[in-house]
Amino acid sequence: MRRVVVLFIALFVFSCSSIPEEVRNAQESPQNVIFFIADGCGAASYTLARDYQREMDGIPSLSLDRFEQGSVITFAEGGRITDSAASATAYACGVKTLNGRIAMTADSQAVETVLEKAETAGYNTALISTARITHATPASFSSHVAARAMEAQIAEQQLTKGIEILMGGGRRYYTPAEQGGGRQDGRDLIEDAESAGYHRADNRAEMMAIDELPLIALFTNSHMAYEIDRVVEEEPSIAEMTMKSLELLGSAGKPFFIMIEAGRIDHAGHGNDTAAHLWDVIAYDRAWQAAVEFAREDGNTLVLGTSDHETGGLTIGAEHGGQRGSGYSYDPTKLAPIKSSIEAFQGELAGLMMNGGVDSEWFQAALSDRFNIEFGSVAEPMSDIIAQADTNALAASVQLQRLLGGVMADSARIGWSTGGHTAVNVPIFAYGPGSARFMGTLDNTQIGIRLQEVLGFR
């Protein structure tokens, strides 16, 4: 009998030692967590980005591809389709709630977030977003309000949490109206942050120069630019924000929790802007790669990535010109000549119209140069839009967005089914200690619960 026991122990020890190091590592607990939320990014979004890079650059796969673990169910309390507030609350708190609630239950009871628990446990924490830092996803980790539109109150709460890094867009609700912000109480929360010891950065170069915590870096009044429009001297990429944060957090000598939102993927989905959507997904993939490289060297960091929901109902392969059975001719390379988001073009167009109107030659040249659209192919609907702009600028803007988005999508044989969110599952990716806890098909609340469990907070 004793020989059998000894043999069993020997076999057990051998089997454990023979498990690949990366697999054993996935079953352990992390010291640090980097949690990515790619807002509005579904499976088709990754297909589009992967295919484009393979065709244009010879890169066979995304950095994310080898780390896909399963999928996430995203429905909200009382509804089959979630918004970012309810889904981010599920990730931050492990509870279902109504759309619009921020880190609160459906009956408006505040629930402590994983970021707040991390601060209590002595961690350094960080929030990064390419959207406004007060927008629904970062807000759900750092505040408690009954409605996501309460961004002025969200900003106030964020400064009381001890968060070491606040970085992204969204000066609007940190600065008073008289300075071009959105606060009606006259407070300048960025100045308050500086008085409390935060280092301030307003552009990419200033961010790069910061060498110690804490840091507040809000680069734009509202959301940051789409990657396709980004002026590199002014705004950092999401990968650069990720690397700078990891540089600061990694050298601080404390465990850390960081939530990074690729927020503008969602906005491009809402606008059915295929090229803007594509380039923000690629930018997110580069940020993921930077985080994995940090985690691989560190050895104690879990990198987790998912989405709050899918936006736009993106379809890879669509009928051409509405003709049923028009073939399997999806071609992402048709997006290569596009140099601008629809949003940026609309903004420039509105500015010109407010200052004397738009020259027809400029307009036609801009369509060709930025969207690879010849005016003759859209002359009739475009003329109607221009004529309507004098009487109903908003309606004209919506029609222009739909026209440009439709032509762009049709050229690549891409389809969009909605300007809203959808109920489809979204992928989940993980690497590092604790990653084995995030395999399979999981509800978004399970992600939130397991995230706290691997950190020892539950």
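**Exercise 1. Work out whether T130 is buried or exposed in this predicted model, and describe its surroundings.**

*Solution.*
Step 1. Take the relative accessibility of T130, which is 10%. The cut-off for buried is under 20%, so T130 counts as buried.
Step 2. Place the residue: T130 belongs to strand 3, which spans residues 124-132.
Step 3. Look for a polar partner. The T130 side chain comes to 3.3 Å from the backbone nitrogen of R264.
Step 4. List the contacts, setting aside neighbours within four places in sequence. T130 touches H223, M224, I238, M241, E261, A262, G263 and R264.

**Exercise 2. Find which strands pair with strand 3, and in which sense.**

*Solution.*
Step 1. Start with strand 4: five bridges join it to strand 3, and the two run parallel. Here you can see L127 opposite L166 of strand 4.
Step 2. Turn to strand 7 (residues 256-262), which is joined to strand 3 by six bridges, also in parallel. T125 faces F257 of strand 7 in this pairing.
Step 3. Add the helix. Helix 10 (residues 238-250) packs on the sheet and touches strand 1, strand 3, strand 4, strand 6 and strand 7. Its direction makes about 175° with that of strand 7.

**Exercise 3. Explain why strand 4 is described as largely enclosed, and name its partner in strand 6 for L166.**

*Solution.*
Step 1. Check burial along strand 4 (residues 165-169): five of the five residues are buried, so the strand is largely enclosed by the rest of the structure.
Step 2. Follow the pairing to strand 6 (residues 215-218), which runs parallel to strand 4 over four bridges.
Step 3. Within that pairing, L166 has I216 as its bridge partner.

**Exercise 4. Write down the strand order of the sheet and pick out its edges.**

*Solution.*
Step 1. The sheet is open, has 10 strands with mixed pairing, and follows the order 5-6-4-3-7-1-8-13-2-14.
Step 2. Its edges are strand 5 (199-201) and strand 14 (440-443), each of which pairs on one side only.
Step 3. For the twist, neighbouring strands are turned by 15° against each other on average, direction ignored.

**Exercise 5. Describe helix 3: its span, its cover and what comes just after.**

*Solution.*
Step 1. Helix 3 (residues 43-57) has 15 residues and reaches 21 Å from first to last C-alpha, close to the expected 21 Å.
Step 2. Its buried residues include A44, Y46, L48 and Y52. Among the elements covering the buried residues are strand 1 (32-38) and helix 12 (274-298).
Step 3. Just past the helix, G58 adopts a positive phi of about 70°.

Terms used: Residues are numbered from 1 along each chain as its sequence is written. This is a predicted model: local features need pLDDT of at least 70, side-chain atom pairs count only at pLDDT 80 or more; totals for chains, interfaces and linings use all residues. Side-chain values use heavy atoms; hydrogens and water are left out. The expected span of a helix is 1.5 Å times one less than its number of residues. Buried means under 20% relative accessible area, exposed over 50%, partly exposed in between (1.4 Å probe, protein chains only). Contact means heavy atoms within 4.5 Å. Two strands pair if DSSP finds at least two bridges between them. A polar contact is a pair of N or O atoms within 3.5 Å; within protein, one must be able to donate a hydrogen and the other to accept it, and residues adjacent in sequence count only if both atoms are side-chain atoms. Axes are lines fitted to C-alpha atoms, for helices over the stretch in contact, and angles run from 0 to 180 degrees between N-to-C directions.
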